[in-house]
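Please open the model in your viewer and keep the selection tool at hand, as this tour moves from one selection to the next.

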Amino acid sequence: MRAPAQSRRWFRRKRFLIPAVFVLILALLALYLWMPRPLPPLVIPSGEPQSSSWDDWGGSRGGDRYAPIGQIRPGNVMHLQVAWTYSSGEMKRRSAAMLTNSTVETTPILAAGSLITCTPFGRIVALDPTTGREKWVHDSKVDPNFVIPNQYICRGVSQWIDNAVPAGAPCRHRIIAATVDLRMIAIDATNGKSCAGFGKDGAIKVVEAVPPRHLGELKLASPPAIVGDVAVVGSMVLDNVRAAAPRGTINGYDVRTGALLWSFEPIPQDKGPTDKDWIGDARHHAGAANMWSVMSVDSARNLVFVPTSSASPDYYGGLRPGDNRYANSIVALDGKTGKVVWHQQLVHHDIWDYDTPSQPVLVDVTRNGASVPAVIQPTKQGFIFVFDRRNGTPLFPIDEVPVPQGAVEGEWLSRTQPVPRLPKPLFSTRLRPEDAYGFTFWDRGKCRDLIAKHRYEGLFTPPSTQGTITYPAASGGANWGSASVDPGNQIMFVNSSRVASLITLIPRRKSAGSSVELSATADVSPMDGTPYEVKREFLLSPWGAPCTPPPWGGLTAIDLKSGKTLWDVPLGTIDDKLPFKPALNWKLGTPNIGGTIVTRGGVLFVAATMDRYLRAFDMKTGAELWKAKLPAGSQSTPMTYMAGGRQFVVMATGQHMWFQTPAGDSLIAYALPTAKR
């Protein structure tokens with residue numbers, strides 16, 4: 001029986017009405033989510049000190065990045081606002097070429113009543129911590145002739161107090177800094193003047209056994225480690241230029257006079273205990289294994305913890321057979337003598353550029369009912385190694401796991417690699433063609449084809465002429481931003497990048513250059529002295545998005561007592577890369593460089609992402625509580641302190657050469673609003 005015509009007309013109208021109502025509901029929901037929420041009442045806890053410290057680049061010499069202050073809490077962090085902004089003037093002072101060739105990765109410290117930081121070009125600046133007013137400037141006058149990829153960079157400065165001289169004496173309180181043109185300088189922390197008794201006019205030249213081939217192949221970028229009366233400095237070596245690169249010698253200097261006290265060779269020139277370390281005469285012509293990151297210090301035990309990189313070049317090790325002792329390791333040195341106390345190698349015979357990138361973190365950890373002084377070492381592979389810092393004993397078991405074999409002709413491979421059982425890796429590195437990610441069937445299909453075309457048999461797949469996927473990429477996993485630790489609860493927090501790269505070995509061409517060739521999508525390095533050049537590029541879809549499954553950046557909390565992961569959340573969004581602003585954040589995460597800081601108030605701060613936000617997270621749950629858009633690149637680590645009764649969170653912003661984030665020269669301080677009078 002046919003329905004009456006009137007009913008059929010009603011049904012046709014209703015067919016269109018139902019979807020329209022559904023779309024309207026979705027639009028109202030999006031509008032509700034889009035609308036700003038009224039802030040809860042501002043409550044500022046009382047009882048906080050008028051001032052606090054952040055004495056070192058990592059918060060403390062042990063690099064815990066923890067502030068025992070709590071004026072800012074999950075319940076009031078959304079009220080944060082800009083308290084002051086300081087511009088260093090480098091945007092006007094430097095040429096466009098110098099700005100392009102610079103990277104902002106600095107974290108300020110508090111010293112002599114000032115907030116002290118450095119610019120990529122070696123200007124050291126002291127500010128009033130409460131107002132951001134400039135107090136003094138010291139220009140170290142770095143060489144202006146660096147060219148890409150030999151970037152200008154200064155991660156931070158260190159401080160030292162000479163207790164052997166009376167208060168108020170010139171240079172009793174010193175700032176010790178390293179420059180890209182291979183100098184270490186000492187200046188008075190109270191006025192910025194050079195310390196005349198240190199070297200020549202307050203500076204010494206750091207000279208290495210193998211001199212750089214060109215300006216910038218070897219440079220200093222990180223704050224020296226201060227252990228007792230010794231300033232310890234490592235170096236940054238440009239990767240993959242040549243097999244016989246400069247060695248990454250670690251030097252200890254008298255912090256009063258600048259006199260060289262000792263040197264440690266991470267590529268030992270003496271005969272090793274076994275032939276497995278350096279087979280034949282490899283030790284005599286290999287280079288690098290340098291310390292380009294930041295060291296940590298256990299002052300009570302007079303120990304310096306050194307994270308070392310790979311031997312040179314990164315992607316071909318046929319000329320350096322053996323496990324390459326002290327490369328890719330954490331090495332504990334005696335601060336007075338430079339002698340090795342213990343070491344643990346974290347990658348055997350590295351051919352993936354899996355340097356030990358992060359500042360080691362010192363914290364006491366409860367194991368079997370006893371408190372153990374520990375050192376935590378995050379890695380590019382996404383592993384977290386935990387050792388007894390007295391003797392290097394692992395606090396969680398480490399297995400020697402078989403890894404893929406079959407390399408290019410002439411290569412030497414380790415059959416196993418060390419993998420900790422706990423904590424678990426920060427993310428899975430499984431990657432099959434069916435795991436490819438894409439926004440549409442089309443770009444996912446392109447990524448699927450890329451993964452199927454190239455070699456990937458899991459972590460530690462050897463580089464090849466076919467093209468090998470390296471997952472995670474050499475940028476991490478964890479990188480130099482390291483981890484932060486809440487020492488009371490023994491919980492570690494670390495951010496990580498979760499993208500892959502494509503490494504292709506190219507049989508050496510007659511036209512091979514002598515330095516890194518950069519393009520918009522890849523770089524080609526000569527690896528002079530080997531049979532190959534190396535091409536490096538990220539594994540991306542035609543639209544420029546990673547082919548690996550999101551999140552592409554993450555933030556993780558780990559219980560150090562048990563080794564268990566407490567929570568893991570995406571870090572960063574791609575909203576600003578889209579042609580429209582979505583109603584809901586696409587929390588896909590982004591690759592990130594920089595680190596976290598944590599506070600007694602239960603709030604974690606981190607920037608580091610490509611979307612230029614400084615964010616606050618709840619340390620208990622991983623919930624994002626607040627964010628502020630920064631005016632320029634955000635690839636540095638924030639810091640926090642109390643001054644004048646207010647808790648400030650300070651962030652340096654600016655260009656990052658490898659991330660190509662926007663240029664800038666601002667230091668921005670956030671604080672809760674002052675009470676109305």
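Begin by selecting tryptophan 658, which is found in the loop between β42 (646–652) and β43 (666–671). The model you are looking at is a predicted one. Tryptophan 658 has a relative accessible area of 43% and is therefore partly exposed, since partly exposed covers the range between under 20%, which is buried, and over 50%, which is exposed. Now add Ile148 and Leu518 to the selection, and you will have the three residues Ile148, Leu518 and Trp658, which make a nonpolar surface patch of about 280 Å².

Next, select residues 491–497, which are strand β30, and ask how many of its residues are buried. Seven of the seven are, so the strand is largely enclosed by the rest of the structure. If you show the side chains, you can follow Ile491, Phe493, Asn495 and Ser497 pointing one way from β30, while Met492, Val494 and Ser496 point the other way.

Keep β30 in view and add strand β29, residues 483–486, which runs antiparallel to β30 and is joined to it by four bridges. One place to look along this pairing is aspartate 486, whose bridge partner in β30 is isoleucine 491. The two strands form a hairpin with four residues between them, and in the turn you will find glutamine 490, with a positive phi of about 55°. Then add strand β35, residues 553–559, which is also antiparallel to β30 and is joined to it by seven bridges. Here phenylalanine 493 stands opposite alanine 557 in β35.

From β29, step back into the loop between β28 and β29 and select serine 482. This residue has a positive phi of about 60° although it is not a glycine, and, with a relative accessible area of 2%, serine 482 is buried. The loop between β28 (468–470) and β29 also holds proline 472, and the peptide bond that joins tyrosine 471 to proline 472 is cis, with omega about 5°. Another cis peptide bond joins leucine 422 and proline 423, where omega is about -15°; to find proline 423, go to the loop between β27 (416–420) and α4 (441–453).

Now select methionine 527, in the loop between β33 (522–525) and β34 (532–538). Its phi is near 45°, a positive value in a residue other than glycine, and methionine 527 counts as buried at 0% relative accessibility.

The tour turns next to aromatic rings. A pair of aromatic rings is described by the distance of the centres and the angle of the planes. Select tryptophan 352 and tyrosine 354, whose rings are stacked, at 6.4 Å centre to centre with 25° between the planes; both residues are buried. Then exchange tyrosine 354 for phenylalanine 460: the ring centres of tryptophan 352 and phenylalanine 460 are 5.1 Å apart and the planes are at 75°, so this pair is edge-to-face. The pair links distant parts of the chain, 108 residues apart, with tryptophan 352 in the loop between β22 (340–345) and β23 (361–367) and phenylalanine 460 in the loop between α4 and β28. For a group of rings, select Phe305, Trp342, Phe383, Phe385 and Phe387, which form one aromatic cluster.

Finish with two charged side chains beside rings. Select arginine 155 and tryptophan 480, where the arginine lies over the face of the tryptophan at 5.1 Å from the ring centre. Then select lysine 627 and tyrosine 613, where the charged end of the lysine sits over the tyrosine ring, 4.4 Å from its centre.

Notes:
Residues numbered from 1 in each chain as written. Predicted model: local features only at pLDDT ≥ 70, side-chain atom pairs only at ≥ 80, totals over all residues. Heavy atoms only, no water. Buried < 20%, exposed > 50% of the residue type's maximum accessible area, 1.4 Å probe, protein only. Pairing = 2+ DSSP bridges. Patch = residues over 30% accessible without salt bridge, like charges linked within 9 Å, V, L, I, M, F, W, Y side chains within 5 Å. Areas by Shrake-Rupley, 256 points an atom, 1.4 Å probe, with all protein chains shown as cover. Salt bridge = Lys/Arg side-chain N within 4 Å of Asp/Glu carboxyl O. Phe/Tyr/Trp six-rings, centres within 6.5 Å; stacked < 30°, edge-to-face > 60°. Lys NZ or Arg CZ within 6 Å of the ring centre and 35° of its normal.
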